Amino acid sequence: MKLHELRPAKGATHREKRLGRGEASGKGGTSTKGNKGGQSRAGYQRKNAHEGGQMPIQRRLPKRGFKNPFRVEYKVFNLGQIDHLIEKYELTEISHDSLREWGLAGQTDKIKILGNGELKSKVAFKVSAISEKAKQAVEAAGGSVEIVK
């Protein structure tokens, strides 16, 4: 037996019934589409959420909450993480450019430093925001803080 000799078993396949080829074919006239209405016409497209007259789910469910369009999202780093990053990437300054260089922040990210953990090394910070506790810890370690807009 060769690949070009393979055939399906006898009776396993059937010819496709052709639609709309006269009444004698058994699928003539309406071509199995029923009578009248948009669905029987060529080019009909059903709307995605249409439920046939039933109240659609997006209108049945209650609306909750509020999304503030003016919310400012920050990429957050804790002081404990900063020590680890300084060792790993040999950073002398924590700024948007230095973090972006190593793929730790995106181009439009704003950077915020929080005070969890300890900071052992003296480092300069140029960030969008910093918590009061973190600022005190940085200055106590001998570093400097500059807020950049």
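User: Let's start with Trp102: why does Trp102 count as partly exposed?

Analyst: This is a predicted model, so take the numbers as computed from it. Trp102 has a relative accessibility of 41%. Buried would need under 20% and exposed over 50%, so Trp102, at 41%, lands in between and counts as partly exposed.

User: And what makes Tyr89 buried?

Analyst: Its relative accessible area is 18%. The cut-off for buried is under 20%, so Tyr89 qualifies.

User: How many aromatic pairs does the structure hold, and why is the pair called tilted?

Analyst: There's one aromatic pair. The ring centres of Tyr89 and Trp102 are 4.7 Å apart, with the planes at 35°. Pairing asks for centres within 6.5 Å, stacked means planes under 30 degrees apart, and edge-to-face means over 60. An angle of 35° fits neither of those two classes, so the pair is tilted. The two rings also link distant parts of the chain: Tyr89 sits in helix H2 and Trp102 in the loop between H3 and E3, 13 residues apart.

User: Staying with H2, which of its residues are buried, and how do you know that they line one face?

Analyst: In H2, residues 79-89, the buried ones are Leu79, Ile82, Asp83, Leu85, Ile86 and Tyr89. Looking down the axis of H2, these buried residues fall within an arc of 165°, so they line one face of the helix. The general background is that an α-helix has 3.6 residues a turn, so residues three or four places apart point the same way. On the face of H2 turned away from the buried side you'll find the exposed residues Glu87 and Lys88.

User: What covers the buried residues of H2?

Analyst: The cover includes strands E1, E2, E3 and E4 along with helices H3 and H4. Right after H2 comes Glu90, with a positive phi near 55°.

User: Where else does a positive phi turn up in a residue that is not a glycine?

Analyst: Ser31 has a positive phi of about 55°, and phi of Lys36 is near 55°. Ser31 lies in the segment before helix H1, and Lys36 is found in that segment too.

User: Are Ser31 and Lys36 buried or exposed?

Analyst: Ser31 is at 17% relative accessibility, and with the limit for buried at under 20%, Ser31 counts as buried. Lys36 is at 72%, over the 50% limit, so Lys36 counts as exposed.

User: What makes Glu93 and Lys126 a salt bridge?

Analyst: Their side chains meet at 3.7 Å, N to O. The rule asks for a Lys or Arg side-chain nitrogen within 4 Å of an Asp or Glu carboxyl oxygen, so the pair passes. The two residues come from distant parts of the chain, Glu93 in strand E2 and Lys126 in strand E4, 33 residues apart. Glu93 is partly exposed at 27% relative accessibility, and Lys126 is partly exposed at 34%.

User: How many salt bridges does that rule give?

Analyst: Three. Among them is Glu51 with Arg60, where the closest N and O atoms are 3.0 Å apart. Glu51 is partly exposed at 27%, as is Arg60 at 41%. Another joins the side chains of Glu73 and Arg71 at 2.8 Å, N to O. Here Glu73 has a relative accessible area of 54% and Arg71 has 58%. The limit is over 50%, so Glu73 and Arg71 both count as exposed.

User: How do you know that the side chains of E3 alternate?

Analyst: Go along residues 110-114: Ile111 and Ile113 point to one face and are buried, whereas Lys110, Lys112 and Leu114 point to the other and are not. Such alternation between the two faces of the sheet is what a regular strand shows in general.

User: And why are E1 and E3, or E3 and E5, said to pair?

Analyst: Pairing takes at least two bridges. E1 and E3 run parallel and are joined by five, so they qualify; Phe77 has Ile113 as its bridge partner in E3. E3 and E5 also run parallel, with two bridges, which means they meet the limit as well. In that pairing, Lys112 stands opposite Ala129 in E5.

User: What does UniProt list for residues 77-146?

Analyst: An unreviewed UniProt entry lists them as "domain: Large ribosomal subunit protein uL15/eL18". In the model, the span is 37% helix and 27% strand, and its end C-alpha atoms lie 16 Å apart.

Key:
Residues are numbered from 1 along each chain as its sequence is written. This is a predicted model: local features need pLDDT of at least 70, side-chain atom pairs count only at pLDDT 80 or more; totals for chains, interfaces and linings use all residues. Side-chain values use heavy atoms; hydrogens and water are left out. UniProt positions are given in the numbering used here, feature names are shortened, and annotations may be inferred rather than shown by experiment. Helices (H or I, at least four residues) and strands (E, at least two) are DSSP runs, numbered from the N terminus. Buried means under 20% relative accessible area, exposed over 50%, partly exposed in between (1.4 Å probe, protein chains only). The arc is that of the directions from the helix axis to the C-beta atoms. Contact means heavy atoms within 4.5 Å. Rings of Phe, Tyr and Trp (its six-membered ring) pair if their centres lie within 6.5 Å; planes under 30 degrees apart count as stacked, over 60 as edge-to-face and the rest as tilted.
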